[in-house]
Amino acid sequence: VEVLFKAMAGFSLDLGPLKEPLGFIRVLEWVFSIFAFATIGGYTGTTHFTVSCPDKDQPVEAFFAYPFRLAMKSYCRPLCNSSSCTETYLQGDFSSSAQFFVCVGVFAFLYCTATLIVYLGYRTVYLQTSRGPVIDLLLTAAFAFLWLVSSSAWGKGLTDVKYATDPNRPVELCTSCKAGEFPSMGRLNASVIFGFLNLILWAGNCWFIYKDTPFHKDPAPPTTMEEGGAPGP
């Protein structure tokens, strides 16, 4: 409790950092990290195709969702000469890249929230020693690297998801089937875009954090000729 009171006593709200690149970019990172994991988390899609029977065509819908363990999602393909159906599964498991991408987005969101509190409420404490900016720089660079890896991995995973859920894939195993509507994946395409936008933001923000660290050397001011002194050769 005493530690909490000391922390609250040192809190001093100052919105000034939001007008500077350091705080403004951090807000953008906070927003785009939400967009990144929100566009992929909770996604559901449907692959459509039709079974052509002598009496009528029977539509089939194969559902899939995040985290894209397609081999665990079954759908029922009707039999023309029977009232029963054949239980069939989509192929592939792309959960590792999808969950890694979401995990990076969630942790980036939490880190942005924590650093914004520090920037706006404990700015003097943050700049009091070089430890704060240095740690911030290292973690920001680490998140930039994680965004690069996770966005690239999820981009490849999304390509595989599109291939595995293409309506022409189940049709290859069924001579009496016709491909239908391709599943809508606009949200998933946007998630990859947001991932690489986060990469640009986090990598660019490293420069502004670097300027607060002792590694950054301000250029020496130009020397002026003393009044009344003779100019050098």
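Helix axes are lines fitted to C-alpha atoms, over the stretch in contact, and the angle between two of them runs from 0 to 180 degrees between their N-to-C directions. The exercises below use this definition on a predicted model.

**Exercise 1.** Describe the overall make-up of the chain, beginning with how many helices and strands it has.

*Solution.* Counting the elements gives seven helices and five strands. Following them along the sequence, one reads the pattern α-α-β-β-β-β-α-α-α-α-β-α. Turning to burial, 36% of the 233 residues of the chain count as buried. As a last step, consider the contacts in the chain with a separation of 6 or more, of which 72% are between residues 24 or more positions apart.

**Exercise 2.** Work out how helix α3 is oriented relative to helix α5, and state which classes of residue make up their contact.

*Solution.* Begin with the geometry: α3 covers residues 95–121 and α5 covers residues 131–164, and the two pack at an angle of about 155° with their axes 9 Å apart. Angles over 145 degrees count as roughly antiparallel, and α3 and α5 are therefore roughly antiparallel to each other. The handedness of their crossing is left-handed. Sorted by class, the contact of α3 with α5 has 16 nonpolar, seven polar and one charged residues.

**Exercise 3.** Carry out the same analysis for α5 and α7, asking how their axes cross.

*Solution.* The axes of α5 and α7 come within 8 Å and cross at roughly 160°. This angle makes α5 roughly antiparallel to α7. The crossing of α5 and α7 is again to be given a hand, and it is left-handed. In the contact of α5 with α7 there are 18 nonpolar, nine polar and two charged residues.

**Exercise 4.** Find the largest nonpolar core, say which elements supply it, and follow the contacts of Trp 147.

*Solution.* The largest nonpolar core has 37 residues, and Ile 40, Phe 64, Phe 68, Trp 147, Trp 154, Leu 188 and Trp 202 are those with the most contacts inside it. At least two residues of this core come from each of α2 (21–40), β1 (44–52), β2 (57–65), α3, α5 and α7 (186–210). Apart from this core lies another one, of seven residues, including Leu 116, Tyr 119, Leu 137 and Ile 209. Returning to Trp 147, and leaving aside its neighbours within four places in sequence, one finds that Trp 147 is in contact with Ser 33, Ala 36, Phe 101, Val 104, Gly 105, Ala 108, Gly 195, Asn 198, Leu 199 and Trp 202.

Terms used. Residues are numbered from 1 along each chain as its sequence is written. This is a predicted model: local features need pLDDT of at least 70, side-chain atom pairs count only at pLDDT 80 or more; totals for chains, interfaces and linings use all residues. Side-chain values use heavy atoms; hydrogens and water are left out. Helices (H or I, at least four residues) and strands (E, at least two) are DSSP runs, numbered from the N terminus. Angles under 35 degrees count as roughly parallel, over 145 as roughly antiparallel, 65 to 115 as roughly perpendicular and the rest as oblique. A crossing is left-handed if the near helix is turned anticlockwise from the far one by less than a right angle, and right-handed if clockwise. Ala, Val, Leu, Ile, Met, Phe, Trp, Tyr, Cys and Pro count as nonpolar, Asp, Glu, Lys and Arg as charged, and the others, Gly among them, as polar. A nonpolar core is a set of buried Ala, Val, Leu, Ile, Met, Phe, Trp, Tyr and Cys residues joined through side-chain atoms within 4.5 Å. Buried means under 20% relative accessible area, exposed over 50%, partly exposed in between (1.4 Å probe, protein chains only). Contact means heavy atoms within 4.5 Å.
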